[in-house]
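Biologist: Please take a close look at the salt bridges in this model. Which partners pair up, and how exposed are they?

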Amino acid sequence: MSDMTGEGLRTLIVDDEPLAIERMQVLCAEIAGINVIGTANDGESALRLAQKLGPDLLLLDMTMPGIDGLGVASELARQDHPPAIIFVTAHEDFAVAAFDLEAVDYVLKPVAGERLERAIERALARRSKQAEANDETSDMWLSEFWVPDRSELLRIDAQEVRRIDAERDYVRLHAGERTYMLLQTIAGLEEKLDPEKFIRIHRSTILRRDFIRGLRHEGLGVWCAELEDGEELRIGRTYLKRVKAMAGR
């Protein structure tokens, strides 16, 4: 989500009825903590605008031609930092599916101002909890390695490490043009690395996520990770689902 300091939750209204969009704009103008940055009248437009504008929140109609509200929410949920979703609909039947997608709230039409305001308050409360959780976990992950090098210890920033290979009870860190050995099992090290930045693709290999250029299917269920330096590494079957989820597959 984007920073809301001084401007409130950056909000996209999505509804296939122009009058419904207009009413939501009027209601939102009377609620503190919300800033409407755009509107869309179908699912495809909503996804394009969400990609371009990076909203904090979608006020999302459920039934629309083409991609419906559930489809939009499901697609956005694949993002690393998806926007919050408040479904706004005339239909009660989709509530269970909506909350399966971790929607903040499910508001029935015709929308009352007080009801929408309560939903917005829930979105703001969830945003605050997420910010607190991020603050608490930001120091959990390794940010540096101290590795022996001849008669000294060298500090290696975790961001410099693009690949980690297991070698028995050691791991080999690939950083720049050099590699360094560290007495540490790969399983133990994996638990200390930020999963937003590193991903294990094999029982003996961890990669920095932004060092992966692409994934290639070689047939018979075999996949490889293509790296920025041109090398290809086979993805272990145990880790394939997680790696493909990184790519939204």
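Modeller: Start with aspartate 15. Its relative accessibility is 3%, so it counts as buried. The cut-off for that label is under 20%. Keep in mind that this is a predicted model.

Aspartate 15 has a salt-bridge partner, lysine 109. Their closest N and O atoms lie 2.7 Å apart. The two residues are 94 residues apart, so this pair links distant parts of the chain. Aspartate 15 sits in the loop between strand S1 (9–14) and helix H1 (18–29). Lysine 109 sits in the loop between strand S5 (105–108) and helix H5 (113–137). Lysine 109 is partly exposed, with a relative accessible area of 25%. The pair therefore joins a buried acid to a partly exposed base.

Next, helix H1, which follows the loop of aspartate 15. H1 has 12 residues. From first C-alpha to last, H1 reaches 17 Å, close to the expected 16 Å. Its buried residues include Ala20, Ile21, Met24, Leu27 and Cys28. These five cover an arc of only 125° around the axis, so they lie on the same side of H1. Pro18, Leu19 and Ala29 are exposed, on the other side of H1.

Now a second bridge. Glutamate 144 meets arginine 155 at 2.7 Å, N to O. This pair also links distant parts of the chain, 11 residues apart. Glutamate 144 belongs to strand S6 (residues 144–149). Arginine 155 belongs to strand S7 (residues 152–157). Glutamate 144 is partly exposed, with a relative accessible area of 28%. Arginine 155 is partly exposed too, at 43%.

Arginine 155 has another acidic partner, aspartate 157. Here the closest N and O atoms are 3.6 Å apart. The pair still counts, because the limit is within 4 Å. Aspartate 157 is partly exposed, with a relative accessible area of 22%.

Partners are shared elsewhere as well. Arg216, Glu218, Glu226 and Glu232 are joined into one network by salt bridges that share partners.

As for the total, a search of the whole structure finds 17 salt bridges. Among them are the bridge from lysine 109 to aspartate 15, the one between glutamate 144 and arginine 155, and the one between aspartate 157 and arginine 155.

How values were computed:
Residues are numbered from 1 along each chain as its sequence is written. This is a predicted model: local features need pLDDT of at least 70, side-chain atom pairs count only at pLDDT 80 or more; totals for chains, interfaces and linings use all residues. Side-chain values use heavy atoms; hydrogens and water are left out. A salt bridge is a side-chain nitrogen of Lys or Arg within 4 Å of a carboxyl oxygen of Asp or Glu. Helices (H or I, at least four residues) and strands (E, at least two) are DSSP runs, numbered from the N terminus. Buried means under 20% relative accessible area, exposed over 50%, partly exposed in between (1.4 Å probe, protein chains only). The expected span of a helix is 1.5 Å times one less than its number of residues. The arc is that of the directions from the helix axis to the C-beta atoms.
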